[in-house]
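Hi,

Here is the structure I said I would pass on. Have a look at it first, and then read my notes underneath.

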Amino acid sequence: MAGLTCAIESSEVGRKVVLVERGPCIGGRIVQMHKYFPKLCPPTCGFEINLKRIRKNRNIDVLTLSKVEKVTGKKGNYEVTIRQLPRLVNDNCTACGECEKVCPVTRSDDFNYGLSETKAIYLPHQMAYPMRFAIDGNVCDRCGACVKACKYEAIDLEMEARTHTVRVPSIVVATGWKPYDASKIDNLKYGIYKDIVTNVQFERMAALNGPTKGKILRPSDNKEPNSVIFVQCAGSRDENHLPYCSAVCCLASMKHATYIREQNPNANAYIFYIDIRTPGVYEDFYTKVSQNPGVTFIKGKVADITQNEEGRLVARAEDVLSGKQTSQTADLIVLACGMVPEGCDNLPVDVDQNGFMIAGDLYPVGVAKRPIDVSGTTQDATAAALLAMQKP
Ligand SMILES: Cc1cc2nc3c(=O)[nH]c(=O)nc-3n(C[C@H](O)[C@H](O)[C@H](O)COP(=O)(O)OP(=O)(O)OC[C@H]3O[C@@H](n4cnc5c(N)ncnc54)[C@H](O)[C@@H]3O)c2cc1C
């Protein structure tokens, strides 16, 4: 969202932009969301508008599967070397999917955070831009079945990596975030019990184009959960993991509680929190969700998760408001893990103690700079576009 917005804003006033994306398509993590807080609208609407703006724009060069390898020069005149990995699928691809049907190799689907698989030749998602398949060169066995199945001659297993060198006056860094690795938080038992998932996985479980076509089901038995616990600050605000607050996790879990209640009006959501953080206008969203009779907020940090004889999960915490130990049983547990900066390899930038980029000659935007929501990200991106267009 940060890079896309900044690229569109600057190109629409006539600047040439090179958008460098390491993945097979643009859009970042927002396209993996089911809905956006606070309006609970699907991110695909806004994304589609951005895609329209990109499609009719001749000033943006989109380089997917690409990363910056080297930057030389200085503000006003940089030379940037970009390495582009081979997609192994060319522009002839119509995304018809015949190749996928015959591919014998599977891989974990990173778009669904590992909750499903794709073939080695895959379409990143239904709204991918560019709308083209890609081959995961790390798993493809070069059997050639897809080449035979493709009537458009779109598959080129000999395609090689390319290097692009561009001269630009400014560089904007919008490398975003990845979820904190929940398996590092021993007491929360992620990876030990199947019915403990992370917030980003839960988002995919609710998404209509997700692994369960939008039906929220327990991974262990594919049954609809009647009760779900949300564990806030899973690793966040904790010196042993992420010392900072990710600013969006409370809102994300409240949004997730609405997903549950919408699908199953009899289901209960329990949100265990240290402090609720819903600044500014988001307070209204908190008020609305807390009035939902099926959503319970418990002020207490979850200390431990176990499984009872019936196979249900039990979270234990100290309820700070009553001063008593409390435990809650549920069918599914969602860990609200924070956002970790992706980092800016090969770029001449300084980062703070948590890895977020500090503004200097290069302009950081979005979560590359600090944890922030989508609306803050787009404001940031527009401001960076203005800065990047000025003469040094
Ligand atoms: C569970 C959860 C739910 C959320 N729900 C909401 C919500 O409902 N509403 C809301 O406002 N906010 C929400 N957020 C926050 C939102 O996801 C972020 O604000 C948003 O993703 C920030 O966008 P970004 O462009 O900075 O980063 P990203 O979305 O991470 O995009 C970064 C892009 O850079 C690419 N990239 C990374 N490194 C490189 C590299 N070295 N070279 C080239 N490309 C690279 C990535 O592939 C990606 O495409 C949620 C966050 C979480 C954790």
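What follows is a run through what turned up, from the domains down to single residues.

One thing before anything else: this is a predicted model, so please read everything below with that in mind.

Domains first. The domain assignment splits the protein chain into domain 1 (2-85 + 161-176 + 342-389) and domain 2 (181-339). Their centres, taken over C-alpha atoms, are 31 Å apart. Domain 1 puts 12 residues into the contact, and domain 2 puts in 19 residues. On the domain 1 side that touches domain 2, the residues come out as 7 nonpolar, 3 polar and 2 charged.

Next, strand 19 (332-337). How many of its residues are buried? The count is 6 of the 6, so strand 19 is largely enclosed by the rest of the structure. Both of its faces are covered: Leu332, Val334 and Ala336 are buried on one side, and Ile333, Leu335 and Cys337 on the other. As for partners, strand 12 (residues 196-198) runs parallel to strand 19, joined by 3 bridges, with isoleucine 196 opposite isoleucine 333. Strand 13 also pairs with strand 19 in the parallel sense, over 5 bridges, and there valine 231 sits opposite leucine 335.

Strand 19 turns up again in the surroundings of helix 6 (residues 249-263), since the cover over the buried residues of helix 6 includes strand 19 along with helix 5 (199-206), strand 13 (227-234), strand 14 (268-273), helix 7 (282-290) and strand 15 (295-299). In helix 6, 12 of the 15 residues are buried, so this helix too is largely enclosed by the rest of the structure. Among the buried ones are Cys249, Cys250, Met254, Lys255, His256 and Tyr259. You may like the length check: at 1.5 Å a residue, the 15 residues of helix 6 should span 21 Å, and the end C-alpha atoms are indeed 21 Å apart.

There is also an open sheet of 3 strands, in the order 16-17-18 with antiparallel pairing. Strand 16 (302-307) and strand 18 (324-330) are at the edges with a single partner strand each, so one side of each has no neighbour in the sheet. On average, neighbouring strands here are turned by 25° against each other, ignoring direction. Strand 16 is joined to strand 17 (residues 313-319) by 5 bridges, and aspartate 304 stands opposite arginine 316 in strand 17.

Now for the backbone oddities. Most residues other than glycine have a negative phi, and most peptide bonds are trans. Against that background, these stand out to me:

- Phenylalanine 37 and proline 38 are joined by a cis peptide bond, with omega about 0°. Proline 38 is in the loop between strand 1 (17-20) and helix 2 (43-55).
- The bond from tyrosine 129 to proline 130 is cis as well, omega near 0°. Proline 130 is in the loop between strand 7 (121-122) and strand 8 (134-135).
- Leucine 65 has a positive phi of about 50°. It is in the loop between strand 2 (60-63) and strand 3 (66-74), and with 20 C-beta neighbours inside 10 Å it counts as buried.
- Tyrosine 113 has a positive phi too, near 45°. This residue is in the loop between strand 5 (106-108) and strand 6 (117-119), and is buried, with 21 other C-beta atoms within 10 Å.

Over to you.

Cheers

Technical notes: Residues are numbered from 1 along each chain as its sequence is written. This is a predicted model: local features need pLDDT of at least 70, side-chain atom pairs count only at pLDDT 80 or more; totals for chains, interfaces and linings use all residues. Domain bounds come from an automatic or database domain assignment. Two residues are in contact if their C-beta atoms, placed from the backbone, lie within 7 Å. Ala, Val, Leu, Ile, Met, Phe, Trp, Tyr, Cys and Pro count as nonpolar, Asp, Glu, Lys and Arg as charged, and the others, Gly among them, as polar. Two strands pair if DSSP finds at least two bridges between them. Helices (H or I, at least four residues) and strands (E, at least two) are DSSP runs, numbered from the N terminus. Axes are lines fitted to C-alpha atoms, for helices over the stretch in contact, and angles run from 0 to 180 degrees between N-to-C directions. The expected span of a helix is 1.5 Å times one less than its number of residues. A residue is buried if 20 or more other C-beta atoms lie within 10 Å of its own, exposed if 12 or fewer, and partly exposed in between; C-beta atoms are placed from the backbone.
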